[in-house]
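Me: Please take a close look at the salt bridges in this model, partner by partner, and then set them beside the other features of the fold that have been worked out. I would like one connected account.

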Amino acid sequence: MNKIFTIFLGSFVFGVFIRSFLDFGPAFAGLFILLGAVLVLVYFFQGKKKIIIFASLLFFSTGLGIFRYDISSNSRENIFFESNIDQAISFKGIVSDEPDYREDNTRYIIEVGDGVRILVYGERYPEFNYGDEVGVKGKLKKPENFSGDFNWPLYLAKDNIFYEMFYPKMELISSGNGFILKEGLFAVKRRFLQNISRVIPSPHSALLGGLVVGSKEAMGKELLDDFRKTGVIHIVVLSGYNVTIVVLSMMRIFSFLPQVFGIALGSFGIILFALLTGASATIVRSSIMALIVVLAKTTGRIYNITIALFIAGFLMIFHNPKILVFDPSFQLSFLATVGLIYFSPFFERKFKFIPEKWNIREVAIATLATQIFVLPFLLYKIGEISIVSLPVNLLILIFVPVTMFFGFLAGFFGFLGIIISTPFAWVTYLLLEYELKVVDIFSSIPFASIKLQVPLWIMFLIYVIYAFIIFKFIFGRQVLKESDFDIIDDI
């Protein structure tokens, strides 16, 4: 059964992959599906050999992958907008996602009547929110590449965004036009972030917002560069590490309830948290895997982390096939998880001399495993490697859970008043100040990071070597401790 499952998922993803680069028309998918059907007939009438049914499944699922990508590509450029490129136009649309706040602008995704989506770079003020209907007037542009190594138009196209506007005139027409649940969640999130900013100064408040609720509030280019140099940029945006902390906290909160209610509320909380934080690739992947853990514990089945990862990847690619090739955050998230799954046990055996107190050994192992596995990808995409990543992660990550805890309390009690939230804010500020100081000190070291761009073929060769190591020496063993999820047994 596992072989059939693996062949189906692998072939489906392979179909999506080849269709991401080659378009031979809808008949191409039909050909693969037809070959799969023919091989099924051969299997039943010419001898029931396993190789035939495996080949049938391979062709059929590859064809499904191509077909699914074809369907996702039906949303194309609009005739009216295409005819007005580089022209000043006006239109009405709905802010269809949470605004992305940057240092000098705010990015809005505006959806127009028939599903056309436009990326609008607006001024910081006035502010518009998800679900607002706005009138927009400005010059329409087609997305253009700003870096030779990154295809910006294709990155936007994965979300069916084919147009851009820079600093147009915008005015509010009406509010409350979005999905009511998301509107409510984003409203609570905005108020929560306001509570934090009232008692914690910037950039500490911006960092805390990213840690706790995946806020997109700008921290400033210089500070973000420092986080990249020191290899801890993953804590600025909500990562799988942060999500794990939140999920385990939810499980503990509902552990006093009867099993059915505890599991239901915990699962619902995970889904709400994913929506609240913007449902990025990392968050969705982590949330799906967490829900699979809950399902496995509920049904009494053995939790297989590899299968959970494959299922999460399949569901995400099935929902939006374009993310497989054109979404670096999706690729990075899955590479980091694979590294954590398969390389952590090796480092755990070698690093027994590191003390377990305060999770120091666990942080060191996770950091090395993920950093080594994503390194070829980062060197190809970004061309930069942090030399100080391990010590900085060790000094910071052990304090992230307590920072998130007190930061959450500061924001939560802010709904009741500044006086109540201030004590928690002081503790949070001291923790954030320590973390920012560590980043500042290490980023000032001349060799904190080095530039090293590698070509595609070297990246591919390194991952072939990694794959060989995994299948030769590691695959099939128990490769990840599941003690982190033991709290679910108590629900």
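Reply: A good place to begin is Asp 100, which is buried because its relative accessibility is 16%, a value under the 20% cut-off for that class. The model is a predicted one, and in it Asp 100 forms a salt bridge with Arg 102, where the closest N and O atoms are 2.8 Å apart. Arg 102, by contrast, has a relative accessible area of 33% and is therefore partly exposed, so this pair joins a buried acid to a partly exposed base.

In the pair formed by Arg 117 and Glu 111, the side chains meet in a salt bridge with an N to O distance of 3.7 Å, which falls within the 4 Å limit used for such contacts. Here Arg 117 counts as buried, because its relative accessibility is 17%, whereas Glu 111, at 31% relative accessibility, counts as partly exposed. Elsewhere, salt bridges that share partners join Arg 19, Asp 23 and Asp 70 into one network. Within that network, the side chains of Asp 23 and Arg 19 meet at 3.4 Å, N to O, and Arg 19 is itself buried, since its relative accessible area is 8%. The pairs described here are among the 10 salt bridges that the structure holds.

Turning from charged pairs to nonpolar side chains, Val 188, Phe 408, Phe 412, Phe 415, Leu 416, Ile 419 and Ile 420 form a nonpolar patch on the surface, and their accessible area together is about 710 Å². The elements that contribute two or more residues to this patch are α17, spanning 400-413, and α18, spanning 418-443. Phe 412 is one of the patch residues and lies in helix α17; with a relative accessibility of 42%, Phe 412 counts as partly exposed, because that value lies between the 20% and 50% limits of the class.

The helix packing can be added to this picture through α15, residues 360-381, and α16, residues 389-397, whose axes come within 9 Å and cross at roughly 140°. These two helices are therefore oblique to each other, because an angle has to be over 145 degrees to count as roughly antiparallel. As for the sense of the crossing, α15 passes α16 in a right-handed manner.

How values were computed: Residues numbered from 1 in each chain as written. Predicted model: local features only at pLDDT ≥ 70, side-chain atom pairs only at ≥ 80, totals over all residues. Heavy atoms only, no water. Patch = residues over 30% accessible without salt bridge, like charges linked within 9 Å, V, L, I, M, F, W, Y side chains within 5 Å. Areas by Shrake-Rupley, 256 points an atom, 1.4 Å probe, with all protein chains shown as cover. Helix = DSSP H or I, 4+ residues; strand = E, 2+ residues; numbered from the N terminus. Buried < 20%, exposed > 50% of the residue type's maximum accessible area, 1.4 Å probe, protein only. Axes fitted to C-alpha atoms, helices over the stretch in contact; angles between N-to-C directions. Parallel < 35°, antiparallel > 145°, perpendicular 65-115°, else oblique. Left-handed = near helix turned anticlockwise from the far one by under 90°.
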